[in-house]
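This report goes through the overall build of one protein model, then its cysteines and its internal space.

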Amino acid sequence: MKFINDFRMLRSLCILVCSFVFAGLLSGQSFRFRNYGPGDNLPSNVIYTINQDRNGYLWIGTTQGISRFDGFDFFSIAFPDSAFSRYPSCSLKDNDERLWFGCNDGTLFWSDGSSLNKVKLSNSSVISCLVQGPDGNIYAVPQRKAIFRINPRNPEEIDTLEIPGDPVMFSAAFSGSGKLLIGTQDNIMVCDVNKSSPELVSVIEGFDYSSVTAIQPVNEGNWYLIGTDGNGLFRLFLTDAESELSRFPDDKRLASFSVKSLLMADDQSIWVSTAEAGAVKLLFIPDNGALKYVRFFDNNSGLPGNYVSVVFQDAEHNLWLGFNGSGLSLF
């Protein structure tokens, strides 16, 4: 009888130990990454934007300019005017597969091949983001004063849209009804840009004086994931009549980090780039925005750093992570 009891105790102890070991493996699970840096001919360890052209080449925006990657090596792409200290702050691939690059000195370039062409903008403020509207035009959003609307098939055709109140602008996205959502230093401005001059439709408050750094439409604009600088993530339901802003109460970790960018992946998951918590993969129930899945990728997962500036998915469904200070990684 004593032998049986001892055996049961030993079995229980083994199960308990294995449970702790297994849980530890899950929490510290490592993944395989291929990391690139200056030793691989990448010009800088600081990455701001990543995109891919129609031929499959990756275009990497760094503090030392743009570098094109062919899968084996990195090749520098020169700006046509060879300006000093210029670097791309954002990029966009349009519906015709041209690449567009907004820069820190307010300049804008496009490319449909191996070289860059300059767009004649009257702007000196860093371009925060680039979006393509439902009208097919490219909207360049600088941090200050005005938004520029460019005809991508005739880049000399430019409209200057003065935004009411001169806010500091960091992000933008179009709603399902064609309204432009502009993320500012402490709110989201909803503007009608279909008229000759932009009309402010509404202002969405509730971000606790945090800059709105990223806006990602989900489920074809049924709702939006909002990223902020230092105040984590919000969920926004928006119609022409009303708006509803909320948190994710099931995971408090999503309410504290600084969001650099958001990416909707092919599997409908959303990747969050953060300044201190690495990259976060989220999966939601599409209709109601309920949180279904959360996974953090950081130093403990095999990443070379925790400051992720951007996550990009290429045509082969590979994920690329650009870092502020740790180069480029292929997941």
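How many helices and strands does the protein have? The model is a predicted one, and the protein has one helix and 28 strands. The C-alpha trace spans about 90 × 50 × 30 Å along its principal axes. Of the 331 residues, 49% count as buried. The exposed area of the protein is about 16,000 Å², and carbon and sulfur atoms supply 50% of that area. Among contacts with a separation of 6 or more, 43% are between residues 24 or more positions apart.

**Cysteines**

The count of disulfides is zero. The sulfur of Cys90 has its closest cysteine sulfur in Cys129, and no bond is counted because the distance of 6.4 Å is too far. A disulfide would need the two sulfur atoms within 2.5 Å. Cys191 is in no disulfide either, with the sulfur of Cys129 as its nearest cysteine sulfur. The table gives the values for Cys90 and Cys191.

| Cysteine | Distance to the sulfur of Cys129 | Relative accessibility |
|---|---|---|
| Cys90 | 6.4 Å | 8%, buried |
| Cys191 | 13 Å | 0%, buried |

**Internal space**

A search of the whole structure finds one cavity of 30 Å³ or more. The volume of the largest cavity is about 50 Å³. Which residues line the largest cavity? Its lining is made up of Asp53, Arg54, Asn55, Trp59, Glu97, Leu99, Ser111, Asp112 and Gly113. By class, the lining residues divide into four charged, three polar and two nonpolar.

Notes
Residues are numbered from 1 along each chain as its sequence is written. This is a predicted model: local features need pLDDT of at least 70, side-chain atom pairs count only at pLDDT 80 or more; totals for chains, interfaces and linings use all residues. Side-chain values use heavy atoms; hydrogens and water are left out. On a 1 Å grid over the protein atoms alone, a cavity is a set of points where a 1.4 Å probe fits but cannot get out, and a pocket is an open set with protein on both sides within 12 Å along at least five of seven lines; lining residues have an atom within 4 Å of a point. Grid points are joined across faces, edges and corners, and a volume is the space filled by probe spheres set on the points. Ala, Val, Leu, Ile, Met, Phe, Trp, Tyr, Cys and Pro count as nonpolar, Asp, Glu, Lys and Arg as charged, and the others, Gly among them, as polar. Helices (H or I, at least four residues) and strands (E, at least two) are DSSP runs, numbered from the N terminus. Buried means under 20% relative accessible area, exposed over 50%, partly exposed in between (1.4 Å probe, protein chains only). Contact means heavy atoms within 4.5 Å. Accessible areas come from the Shrake-Rupley method with a 1.4 Å probe; for residues, only the protein chains shown count as cover.
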